[in-house]
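Student: I would like to go through the ligand site and ask why things are called what they are called.
Tutor: Then let us look at the model.

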Amino acid sequence: MQKELLSKPYLLSAEDLSVEDVNLIFDQARYFEYHYSLGANFTDLIGYTVALAFFEPSTRTRISFEIAVQRLGGKPILFSTATSSLTKGESLIDTLHTIEAMDVQIFVVRHSASGVPVLLQRNTSKMVINAGDGKHEHPTQALLDAYTIQKHFGYIKDLKICIVGDILHSRVARSNIILLKKFGAKVAFCGPGTLIPRHYSHWNLTTLKNIDEAIEWSDVIMLLRLQNERMDSGLVPSLAEFSNLYGLTFERISRKPELVVLHPGPVNYGIELDYEVPAYPNVLIQTQVSHGVFVRMALLSLLAKTYESRRR
Ligand code: CP
């Protein structure tokens with residue numbers, strides 16, 4: 001029998017997702033993508049209120065969740081830290097319980113501190129989705145990245161995928177490694193030694209010296225920006241040197257135009273990516289953003305079904 005529900009009624013880490021869960025989300029995302037293009041209306045979240053609790057800035061993730069909730073007939077409410085009672089000393093858990101008392105069923109949470117979504121899920125019977133926590137994880141980004149790769153190639157297994165740049169501070173890298181390994185991709189790192197985490201050694205990943213080696217080895221390159229807001233000073237000698245060794249330039253991609261290039265955004269043009277490179281057809285940065293809405297619609301719809309089935 002076809003699986004119709006997710007293993008868990010929340011998403012805190014890519015570890016929460018089995019391969020069957022991801023396939024179910026992708027099937028549902030394809031369904032939404034196709035039927036949305038035909039002008040269909042969806043009702044999956046009618047009666048649901050979704051709190052978009054972004055304690056850290058976001059453009060792509062917050063707006064795509066908001067659009068996803070609206071397209072499914074749910075009500076998104078935006079929570080702003082600056083104008084909330086957190087500024088008057090209310091605790092995070094009290095804030096959660098206050099919003100919960102207003103009949104909110106789903107919390108989409110971004111926070112600069114790793115572990116906040118886990119803490120909130122432990123203190124609520126409602127559903128929490130991790131929309132990026134500190135250096136820890138960003139599971140819906142990994143889902144939309146994998147969806148983009150699978151749509152492009154038709155499969156993920158055995159593809160050579162190199163993550164380039166600031167891996168140490170990247171929640172996107174961690175969630176992607178977990179998810180891509182589950183699908184049998186060959187994953188490599190490429191970045192300055194100071195930005196490659198040692199605790200990733202148990203994953204036994206290939207390490208590539210510079211962007212030229214990465215281009216030669218890879219089917220897909222996933223570029224990451226330098227996360228200055230999470231970085232202690234002195235980890236990169238200079239931006240020019242970083243760009244020279246790890247930046248994707250027009251000249252470099254011209255050698256392998258079939259290479260698929262992803263970037264979760266925001267992009268620091270002129271550092272990890274030249275301004276002209278997005279003109280290449282296999283640079284899928286905008287496609288990733290579009291897919292983000294359908295993947296998040298799929299996740300929200302399936303979580304709501306999973307949650308309802310456990311209440312019966
Ligand atoms: N990829 C990503 O998380 O982008 P935002 O910070 O704009 O949400």
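Student: What makes the pair formed by Q141 and a nitrogen atom of the ligand a polar contact?
Tutor: This is a predicted model. In it, a polar side-chain atom of Q141 lies 3.0 Å from a nitrogen atom of the ligand. The cut-off for a pair of N or O atoms is 3.5 Å, so the pair counts as a polar contact.

Student: Which residues have a polar atom paired with an oxygen atom of the ligand?
Tutor: R60 uses a polar backbone atom, 3.0 Å from a ligand oxygen. T61 uses an N or O atom of its side chain, 2.7 Å from a ligand oxygen. Both values are within 3.5 Å, so these pairs are polar contacts too.

Student: How much of the ligand's accessible area does the protein cover?
Tutor: On its own the ligand has 250 Å² of accessible area, and the protein covers 92% of that.

Student: Why are S58 and H138 listed around the ligand?
Tutor: A residue is listed if one of its heavy atoms lies within 4 Å of the ligand, and S58 and H138 are among those that are listed, therefore they meet that cut-off. The shell holds one nonpolar, six polar and two charged residues.

Student: Where does the ligand sit?
Tutor: The ligand takes up space in the largest pocket, which holds about 340 Å³.

Student: What lines the largest pocket?
Tutor: Its lining has 21 residues, and R110, R171, R225, G265 and P266 lie nearest the centre. The elements giving two or more residues to this lining are α2 (60–71) and α6 (171–182). By class, the lining has five nonpolar, nine polar and seven charged residues.

Definitions and conventions
Residues are numbered from 1 along each chain as its sequence is written. This is a predicted model: local features need pLDDT of at least 70, side-chain atom pairs count only at pLDDT 80 or more; totals for chains, interfaces and linings use all residues. Side-chain values use heavy atoms; hydrogens and water are left out. A polar contact is a pair of N or O atoms within 3.5 Å; within protein, one must be able to donate a hydrogen and the other to accept it, and residues adjacent in sequence count only if both atoms are side-chain atoms. Accessible areas come from the Shrake-Rupley method with a 1.4 Å probe; for residues, only the protein chains shown count as cover. On a 1 Å grid over the protein atoms alone, a cavity is a set of points where a 1.4 Å probe fits but cannot get out, and a pocket is an open set with protein on both sides within 12 Å along at least five of seven lines; lining residues have an atom within 4 Å of a point. A molecule sits in a cavity or pocket if more than half of its atoms lie within 2 Å of its grid points. Ala, Val, Leu, Ile, Met, Phe, Trp, Tyr, Cys and Pro count as nonpolar, Asp, Glu, Lys and Arg as charged, and the others, Gly among them, as polar. Grid points are joined across faces, edges and corners, and a volume is the space filled by probe spheres set on the points. Helices (H or I, at least four residues) and strands (E, at least two) are DSSP runs, numbered from the N terminus.
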